[in-house]
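Open the model in your viewer and keep the sequence panel beside it. The stops below say what to select and what to look for.

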Amino acid sequence: MGVLFLFVDGVGLAPAGHDNPLSDAPTPAINALLNGALTIERAGASTRALLRPLDATMGVAGMPQSGTGQTALLAGINAAALHGRHQPHFPPVALRSMLIERSIFRRLTAAGRRVAFANAFGVRYWEALAARKLRRSASVIAAEGAGVRLRSDHDLRIGSALTWDITGETIRASGGDAPAIAAHIAGERLARLTARYDLVFFETFLTDLAGHGRLAHRATPDRSPLSIAEQVHMAIERVDGMIRGALDALHPGDTLVLTSDHGNVESLSSLAHTRNPVPLLVVGPAASRFAPLVSIVEVADAIVAAAQEYTA
Ligand SMILES: [Zn+2]
């Protein structure tokens, strides 16, 4: 019995309407859970799932960003306030030691719990780091600091890891090499891992890329162009398929938690991030533990508690 923590980058919670492509997105699994689309009107409106809006601004001016947002989510610290501003992409260097010490991975492994980071990091990732084309994300820093194994292409091939884009389509469309995995199969993989661990973490950046307009072509040989709304629909449809697969295969004692670091995809009027709240979607017996949360800073403590309380 474990907690499956899905981190989806750049998904905010806003009112339904023409500006919000989540209003009419092809998300049957989410819609079944919420009796409607992933919009703010559905917060508190369903008994099948908990949906809450979480503040992602952390009380700091400017647009929320991934570096400080992901640090806040993984370590339960107000990274933007500590840093004095929102920082994009990667955690502020001065907060790295705090991220390591307080991460959900470190806290759970120190308590003797089993933690899996389900993303696969292939040879190309390590080469990009070595060539300084990339820096370590909050999740990788936290995992390495806790001794949580970073999975490889081998894990991907044997079915115990996923690519960051869930199905491999986006990686292949950009010339990379990744096996094709249907979104619901990806979700089943995560559920199978959750049966063996107290916490399974998976992160996807697909949604944020869509909100920035960076998935501009269909991942098919004709590479037909996609509007921003179509990009968002493609990304969230993949997340939805993964949720469906996970919920079909999770055990009744498991809890699925999905949240984000900042808004982006829920507003077509801008390709930038937003100051909207982000969704906290929780399905399973630990959902009540997440019911009082109001900020992304509070997610880490609830994850740590849920992963210990509901597992044996
Ligand atoms: Zn972004």
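The tour goes from the whole chain to the sheet and then to two helix contacts.

**The whole chain**

Start with everything shown, and keep in mind that this is a predicted model. Coloured by secondary structure, the protein chain shows 14 helices and six strands. Its C-alpha atoms fill a box of roughly 50 × 45 × 40 Å along the principal axes. A compact globule of 312 residues would have a radius of gyration near 20 Å, and the 18 Å of the protein chain agrees with that.

**The sheet**

Next, select the strands. In what order do the six strands lie in the sheet? Reading across, the order is S2-S6-S5-S1-S4-S3, in an open sheet with mixed pairing. The edges are taken by S2 (50-54) and S3 (115-117); each has a single partner strand, so one side of each is left without a neighbour in the sheet. From one strand to the next, the twist averages 15°.

Now narrow the selection to residues 3-8, strand S1, and residues 255-259, strand S5. These two strands pair in the parallel sense, over five bridges. To find the register, pick Val 3, which stands opposite Thr 255 in S5.

**Helix H10, on the sheet and beside H12**

Add residues 183-194, which form helix H10. Helix H10 lies across S1, S3 and S4 (199-204), and runs at about 155° to S4.

Then add residues 228-249, helix H12. H10 and H12 pack at an angle of about 45°, their axes 6 Å apart. Angles from 35 to 65 degrees fall in the oblique class, so H10 is oblique to H12. The crossing of the two helices is right-handed.

Show side chains at this contact. On the H10 side, the residues include Ala 183, Ile 185, Glu 188, Leu 190 and Arg 192. On the H12 side, look for Arg 238, Met 242, Ile 243, Arg 244 and Asp 248, among others. Which classes of residue make up this contact? Nine residues are nonpolar, four are polar and five are charged.

**Helices H2 and H7**

For the last stop, select residues 66-75, helix H2, and residues 138-146, helix H7. Their axes are 9 Å apart and the packing angle is about 35°. Gln 70, Thr 71 and Leu 74 of H2 meet Ala 138, Ser 139 and Ala 142 of H7. This contact has three nonpolar and three polar residues, and no charged ones.

Note on methods: Residues numbered from 1 in each chain as written. Predicted model: local features only at pLDDT ≥ 70, side-chain atom pairs only at ≥ 80, totals over all residues. Pairing = 2+ DSSP bridges. Helix = DSSP H or I, 4+ residues; strand = E, 2+ residues; numbered from the N terminus. Axes fitted to C-alpha atoms, helices over the stretch in contact; angles between N-to-C directions. Contact = placed C-beta atoms within 7 Å. Parallel < 35°, antiparallel > 145°, perpendicular 65-115°, else oblique. Left-handed = near helix turned anticlockwise from the far one by under 90°. Nonpolar A, V, L, I, M, F, W, Y, C, P; charged D, E, K, R; others polar. Rg over C-alpha atoms; globule rule 2.2 N^0.38 Å.
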